[in-house]
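I opened my notebook for a first look at this structure. Come along and read over my shoulder.

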Amino acid sequence: MDHQKYRNPNSGGYQKRQSAYQREEDASGRNHRESKQFRPNHHHQYQSGPTPRPNPLSSQGLSTRRELYERDFPVYKQPVEVGCFSLNSERRFFNDARQLRYYVEPDRTPNFDLKDGYKDRFEKRDDSVKERLDHILRWILANRSKLTSRSTTASSCALEVDFVTWRGHLTKLLTTPYEAREGWLLAVSRFRGTLYISEVETEAARRERENRTERHEEMMYWGYKFEQYTCADTVHSSPDPGGVVNTNEAFCTVVQTRLADHRLLFSGEVDCRDKDPNAPGPPACYIELKTSAEICTPKQRSNFHRFKLLKWWAQSFLPGVPRVVAGFRDHDGVVVGVETFPISKISHLIKNEHNCWKPTVCMNFCCDFLSFVKQIATEDNPSVVYLFSYEPHRDVTCSIHRDSQYSFLPHWYVEEMSRSQDSHHQS
């Protein structure tokens with residue numbers, strides 16, 4: 001089995017990580033209501049260095065052509081965890097780490113049955129309920145002292161960050177230049193100087209969600225079941241594969257970082273952490289868990305490199321999670337092998353793959369998209385939504401909506417942030 005070739009050469013100890021993080025010193029439905037279609041002007045803010053390069057910003061929108069983003073890797077600061085939160089079995093928010101679990105390394109050929117419990121021990125989250133940014137916003141309200149300026153100068157910026165979003169939305173941006181099948185919609189509102197990015201479900205995604213086959217639903221469960229086999233509730237306990245799998249529960253890290261001149265605050269779900277007491281602090285102690293079909297042919301291995309590893313890399317690189325542990329399963333959902341993929345080594349795994357994805361293209365596109373958003377989303381008003389749309393092989397375009405169904409910043413957040421900022425100015 002080819003997946004045995006993905007043996008981790010560095011398992012069993014912590015080494016100095018070769019980090020790509022740079023240090024500081026250096027389809028939607030076409031009938032949605034559009035009150036205004038944006039046509040950006042050419043802009044020289046995308047020029048970098050002494051030699052002009054092709055400008056990805058055209059009169060139509062932001063280009064997704066890969067060759068425009070093949071340039072030096074942008075500065076990306078080492079992500080810093082500034083907090084965390086938990087969601088319980090009813091999706092209630094808790095400003096603590098109560099849902100954090102601990103990784104217990106399985107045998108290399110564990111024969112885990114991922115089908116077990118699907119019919120009788122499975123509490124599935126209702127994914128038709130759209131929570132938008134609400135959980136991150138609750139975390140912000142509970143932790144404003146970590147994010148707001150200590151200076152007494154009046155400022156319209158309540159948070160010292162440019163963007164607030166979910167890690168998953170940024171992952172979609174990183175993979176966009178290589179995404180040939182699925183489009184996306186991202187809603188953006190500017191409030192008190194910070195840009196908030198929230199995803200809107202496309203019509204195609206809604207249809208896919210509502211028409212999933214039973215086989216598809218069960219295979220989605222398999223990933224959660226693998227977590228149950230490999231995670232313990234406490235540092236000294238063992239996994240309990242006989243328990244209920246409840247996908248409402250979650251532990252989320254909140255990290256701050258900077259991509260070029262974009263200051264980012266985002267949150268992402270974390271599967272587990274290393275239980276070694278000598279492990280580094282978060283996020284470097286976190287581990288992402290995945291399942292994938294076993295690899296038996298060169299074609300399967302090529303597809304794994306080109307598609308799976310792209311998403312795994314993007315998802316873990318953003319918050320600084322250093323490794324992915326993958327359970328390779330057969331057609332019947334039995335895990336026949338487990339391998340570890342250090343994120344810093346993934347670019348070496350794909351380097352001999354013809355016409356494969358490039359990390360620099362992913363990061364430069366994301367960086368330019370954020371610049372594109374800053375240029376367009378200028379009105380500081382939570383009821384104004386700038387809707388950015390991508391369809392495969394097309395430019396990213398934007399439409400503007402006022403007091404529409406796309407508004408996503410809740411009144412309780414807007415009011416509390418406005419009240420606290422006003423009192424700060426008066427004091």
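These entries go from the model's confidence to one strand and its neighbours.

**Entry 1, confidence.** I began by noting that this is a predicted model. I looked up the average pLDDT of the protein chain and found 88. I also saw that 83% of the residues score at least 70. Then I checked weaker stretches: residues 1-18 stay under 50 in pLDDT, and the model gives them 48 contacts beyond four places in sequence. Residues 152-156 also have a pLDDT below 50, with 5 contacts beyond near neighbours in sequence.

**Entry 2, strand E16.** Is E16 mostly covered or mostly open? I found that 6 of the 7 residues in this strand, which spans residues 323-329, are buried.

**Entry 3, the partner E15.** I turned to strand E15, residues 286-293, and found that E15 and E16 run parallel, joined by 7 bridges. Across this pairing I spotted Thr-291 opposite Gly-327 of E16. Which helix belongs with these two strands in a β-α-β unit? I traced helix H5, residues 298-317, and noted that E15, H5 and E16 form a right-handed unit.

**Entry 4, the partner E17.** Next I followed E16 to strand E17, residues 334-342, where the pairing is antiparallel over 7 bridges. Here I noted Ala-326 opposite Glu-339 of E17. How many residues lie between the strands in this hairpin? I found 4 between E16 and E17, and I wrote down that Gly-333 takes a positive phi near 80 degrees in the hairpin.

**Entry 5, recap.** My picture of E16 now has parallel E15 as one partner and antiparallel E17 as another.

How values were computed:
Residues numbered from 1 in each chain as written. Predicted model: local features only at pLDDT ≥ 70, side-chain atom pairs only at ≥ 80, totals over all residues. Heavy atoms only, no water. Buried < 20%, exposed > 50% of the residue type's maximum accessible area, 1.4 Å probe, protein only. Pairing = 2+ DSSP bridges. Right-handed = clockwise from strand over helix to strand, strands pointing away. pLDDT = per-residue confidence, 0-100. Contact = heavy atoms within 4.5 Å.
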